[in-house]
Every structure is written in structure tokens, then in C-alpha cells.
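Q: I'd like a close look at the charged contacts in this one, and then a walk outwards to whatever else is worth a stop. Keep it relaxed, but keep it specific.

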Amino acid sequence: MNLANLDAVRRDPDAAPSVGVSVATIRVAVRRGAALLLHPRVGPPLLAAIIVGYVALWTAVLTILKSAQTLHSDSTEAFAWGQTLAWGSGKHPPMVGWVARAWFSVFPTADWAFYALAMAVTGATIALIRLLAGEVVDRRRAVLATLLAMIYPILNVKGYKFNPDLLQLPFVVLVVWAYLMAAARRTILWGVVLGLAGAAAVMTKYWGAWSLIAIAVAALVRPDRVRLFRSPVPYVAVAVLALALAPHVAWLVEVDFTPFRYASHYVGLERLAAARQAQSATLHACALLLPVLVAGTVAVFLPRLSRVTAVTGESWARVRQLWVIVAVLAVGPIVAAVALPVWMKSDWTIPLFSMVPLAVVALPRLAVPLRAVARAAAIVMIVGLGALMVAPGLATIKVLREPDSMSPRLDRLAVIATTLWHDRTGTPLRVVVGDVEEVATVSFYSADHPTILSAGEPALTPWIAVEMLDRSGFVGICSAAAAACLDRIMALRPSAEQIVVTTERAAFGQTQPPDRWVVVLALPESDTGNDTRKGGVDAR
């Protein structure tokens, strides 16, 4: 594709009323931009710039929309896990913590920075979808699929939580791209790339193994599978995958497979209940695809089922491989959830459907004219800028209509608890104890970013031993109504001081009854300068 696409726009009338000229000018600009996106040299850097702008715009939208709330505990847990740089947490493999640690070594610990991290993940996913599309379809379809991905709610407004489910998105797409490249090249190097991509997906969340199952099925049904399995690719990939996962497996043995015991809470349910939940999760995922499908229909405008260009044998083979992979990712987890049975959370579908728009665009008889790319680009701009314009109003309306949507101000509680500790000890706060969801958020908002310890399930925080608390001291955090939480913390230090504090919920002129908390101050019983680390604990 080259700039000859612009010939289509030169036929627009020059003489028109002032309003008509404005509309025509906008139309010309959009079509000219679409043509530039398709240019072999100009297109890639232009698309990269659009993705960067997309990340910045949706970071601003989320920061405004969530201004009356503190961060979701999934995100702050990832931050807390990253403070230890261990080979895993009590719930998941370590990748999400590593990424959070790397990100916040550059950016400040602020809400907007976490939303920026989430959008950076979705931006990377969009870039990888373009990379994958370039190996499966022609340039015009690839750009259209990329633009449609920017309308997928999971990759913008619904992707506000940085957690293992969201972080799987780029790695699942990366695995599929690496597989297609490795199957085509059949070299040792591409076997290494595929193995590392697979390890990254699994080290993000064990659920990422579905991407490996999907490409394995695709490899078994491809017509040239004999050539593939006679090449070094599958064996090198498996070997690299095993080597990359070995340190994590050793860590699992050391902590008695705590993440698997945590995951077992979702297994063994009544089969009918599991089937209903799997159905609900899948319908939720399909509903999130509707804006993309509607936008695609508007962009193409009643798709014509006639070939535009001939599909080569190699391209057709890759399209079929993509369809197999997408089908396995969409159907396989549902079947497994019912068979085991497993309570399949809706968040688990996040990485499974991101390639569906590309699979639809890859239909070989679907006509994709230049106007489809132009319209898709226009829809992306309208949705993004429209969201930015209405975000303040939506945030205000939500608080006015649903005052309960204002979350407890754990950020203010973190400041209070940290200040109390500094007043008593004059040293940094090293450990905060309580329910994981609450203390992880306190750790993020505290200036000292203390290590967290789960009072109810210490196995969920395997990087610190209870025995180390005498030297370090700790702050306990419980809701005043959570007697069980307070009992567990006081069992660690019966003589600890208890202080009741309150935090106010208020936003946009609305207030809620204050939240009451018990802050437990357990001062160090020995040298406060001693290191509280055991294993991977980072005591600063």
C-alpha cells in the first residue's frame, strides 16, 4: 500500500458552504491519515505514535473516572509482591510483581502512575496485535484489526486493574506470534524465542498455560506438522520453557506449593454451579466484544462477501492456524471449568478473547476498503476524546447516584499509620500486618512502602516469617468491625498498643459515614535497625 490511496480523496468538491467545507476537510484529513497508516515506511512510526497517545489519553480518563476511589487491591497487591523480588507470591507467579517493581523504580507511587502502567500493558498488547496481524493478513486488514483493538473495552476503560489477568494479554499474543514465526522458520533461535514467550505467559499466571495448549493443538492439526516436529523448534522451545520455569518450580517446592493451594479454593464446586459461572463469565466476555464488532460493522459498512484480493496458500494456512488458536482459547477453558469443575471468574477471560477481532477481520472473503480503515480511525478518536470529555461528569454522577462507590480512604489511613509509627520509633515502618487486600493498599500509599504480612493466612506472604516481627516491630491494620482480624494481630503481640482512628469518605460534595479502624502499634523489642528480611524480604 502507498500514497496512491489518497487519489480517492481528491474527488471531494472544492466549492461548498462553510459547514460543508469543514465536514469535507475532516473527512479528507481522516482518509489521508488512514492512507498514511497503510504506507510501508510512514505507517509503523505513525501507528506507534497513535498507541502512545492512546495510552496517555486513557490514563487521563481512568485517573478522572476513579478519582473518588483508591486503587483496586489487585493492583496494590502486585506492588507489594514486587517489593520482595521473590520467585512468586502466595497467589501467583512473580511476573506481575517484577513488572510493578520495574515500573515504580521510574514512576512515583501515585494513582495515575498505576493507571498508566495498566494502559502501557494494553498499549503493548495493541502493538503486538499489529505485529501478529502482519504475519496473518495484508496490511490494510492488519491496521483495521489494530484500530478495532483500541475500541475493545478490556484494552481501555475495563483494563484499569493492573493484575495478572491484564498482564497476560501481551504475553498470550506474543506466544501466538512467536509460534507462527517459529513454525515458519523452524530454527533453533525461534525455538528459544517461543520457549521464552511461553515461560513469560506462565510466569504471569498459570492460566497462561492455555496459550501453550492452544498453539500445541494448532501444531498438531497443521498440514505440515511432520516437518515442524522434525525441526528443532518444539524440542528447543520445551527445553527453554523448562529451564526458564525451573527457579520458580524450586520456589514452589520451598513454599509447599502455596499458590496451588490458594487456587484450590476455586476447584471442586458443584458442577451445575460451575457451568453457570462459566456461562456467565463467557457471556460477559462476549458482551465486551460487542463494541468492537459494532465498530467493525460501521467501519466496513455492510461487509461485502466477495474477494478483494486473492489469498495465498501460506496466508490462508496462517489464518486457519489463528482460528484454531482463538477457538481453543475461547472454548477450552469453559470445557475445563465444567469438567473439573472450577469457579471461572470473569476476569479469567481477559486474555482469552483479545484476538477475536483479528480472527474476524481475517475472513478471506470480507472486503476491507480504505474507507473501513478511515472510519475505524475516526471511531477510535471519537470514543477516546468523547470519554475524556465526559469522564468528569460521569465520575460526579456516579458519586451522586451511588455514594457507596466511594471506597474507604486507605490512602489516608496509610498516612496516619505511618505517622504514628514515626512518632513512636523515629524509624521507617518495615512491616504492616492485616488482611492482604487492605495492608497491600496501605503499603502502596505509605511513604515507607512496608512489607506486608497476612494475619489470617501467613502462607500468602511467604517472604516473611512471623518470628521476625519481634526485631522489626509492625503496624497492624483492621477495620474496627473486624474482631477476628484484630484477634489474629493481637495474638502476635498481646501487649501492643491499639489506637482507633477514623477516615472520611468525601468527593464532589458528597460524604459518607466515616470508617473506623484499629491501628496496632507493636514496637521493636530489640534493635530497630536490624534487617527484617527472610528470604526475599526487602526491608528498607
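Which residues are linked with Glu77 in a network of salt bridges?

A: Glu77 is joined with Lys91 and Glu437 in that network. Bear in mind that this is a predicted model. A search through the whole structure turns up 16 salt bridges, so let's go through a few of them, then look at the backbone and the overall build.

Start with arginine 493, which has two acidic partners to look at. One of them is aspartate 470, with the closest N and O atoms 3.9 Å apart. Aspartate 470 sits in helix 19 (residues 469-472), while arginine 493 is in the loop between helix 20 (483-492) and strand 4 (497-507), so this salt bridge ties together parts that are 23 residues apart in sequence. The other partner is glutamate 525, where the closest N and O atoms are 3.3 Å apart. Glutamate 525 belongs to the segment after strand 5 (510-522), so here the pair ties together parts 32 residues apart in sequence.

The burial of these three residues is worth a look too. Arginine 493 has a relative accessible area of 6%, which makes it buried. Aspartate 470 is partly exposed at 37%, and glutamate 525 counts as exposed at 52%. In other words, a buried arginine pairs with a partly exposed aspartate and an exposed glutamate.

Next up is the salt bridge between glutamate 135 and arginine 318, whose closest N and O atoms are 2.7 Å apart. This pair links distant parts of the chain: glutamate 135 is in helix 5 (residues 111-136) and arginine 318 in helix 14 (residues 313-339), with their positions 183 residues apart. Arginine 318 is buried, with 12% relative accessibility, whereas glutamate 135 is partly exposed at 25%.

While you're at helix 14, follow the chain onwards into the loop between helix 14 and helix 15 (356-361), where you'll find proline 341. The peptide bond from leucine 340 to proline 341 is cis, with omega near -15°. Most peptide bonds are trans, and most residues other than glycine have a negative phi.

That brings us to two residues with a positive phi. Leucine 85 has phi near 50°, and it isn't a glycine. You'll find leucine 85 in the loop between helix 3 (73-82) and helix 4 (95-104), and it is partly exposed with a relative accessible area of 46%. Histidine 449 is the other one to check, with phi near 45°. Its place is the loop between helix 18 (436-445) and strand 2 (451-454). Histidine 449 is buried, at 16% relative accessible area, in contrast to the partly exposed leucine 85.

For a look at packing, try alanine 299 in helix 13 (residues 271-300). Its relative accessible area is 0%, so it is buried. Leaving out neighbours within four places in sequence, alanine 299 touches Leu144, Arg371, Ala372, Arg375 and Ala376. Valine 373 is worth marking here as well: its C-alpha atom is 7.0 Å from that of alanine 299, although the two are 74 residues apart along the chain.

Now zoom out. The chain has 20 helices and five strands. Residues 24 or more positions apart make up 77% of the contacts with a separation of 6 or more. The radius of gyration is 26 Å, which agrees with the value near 24 Å that a compact globule of 540 residues would have. Along the principal axes, the C-alpha trace spans about 80 × 65 × 45 Å.

As for the surface, 53% of the 540 residues count as buried. The accessible surface comes to about 23100 Å², with 65% of that belonging to carbon and sulfur atoms. Back to charge for a last stop: the chain has 47 positive and 34 negative charges, and their mean positions lie 16 Å apart.

Technical notes
Residues numbered from 1 in each chain as written. Predicted model: local features only at pLDDT ≥ 70, side-chain atom pairs only at ≥ 80, totals over all residues. Heavy atoms only, no water. Helix = DSSP H or I, 4+ residues; strand = E, 2+ residues; numbered from the N terminus. Rg over C-alpha atoms; globule rule 2.2 N^0.38 Å. Buried < 20%, exposed > 50% of the residue type's maximum accessible area, 1.4 Å probe, protein only. Contact = heavy atoms within 4.5 Å. Areas by Shrake-Rupley, 256 points an atom, 1.4 Å probe, with all protein chains shown as cover. Lys, Arg positive; Asp, Glu negative; His and termini not counted. Charge placed at Lys NZ, Arg CZ, Asp CG, Glu CD. Salt bridge = Lys/Arg side-chain N within 4 Å of Asp/Glu carboxyl O.
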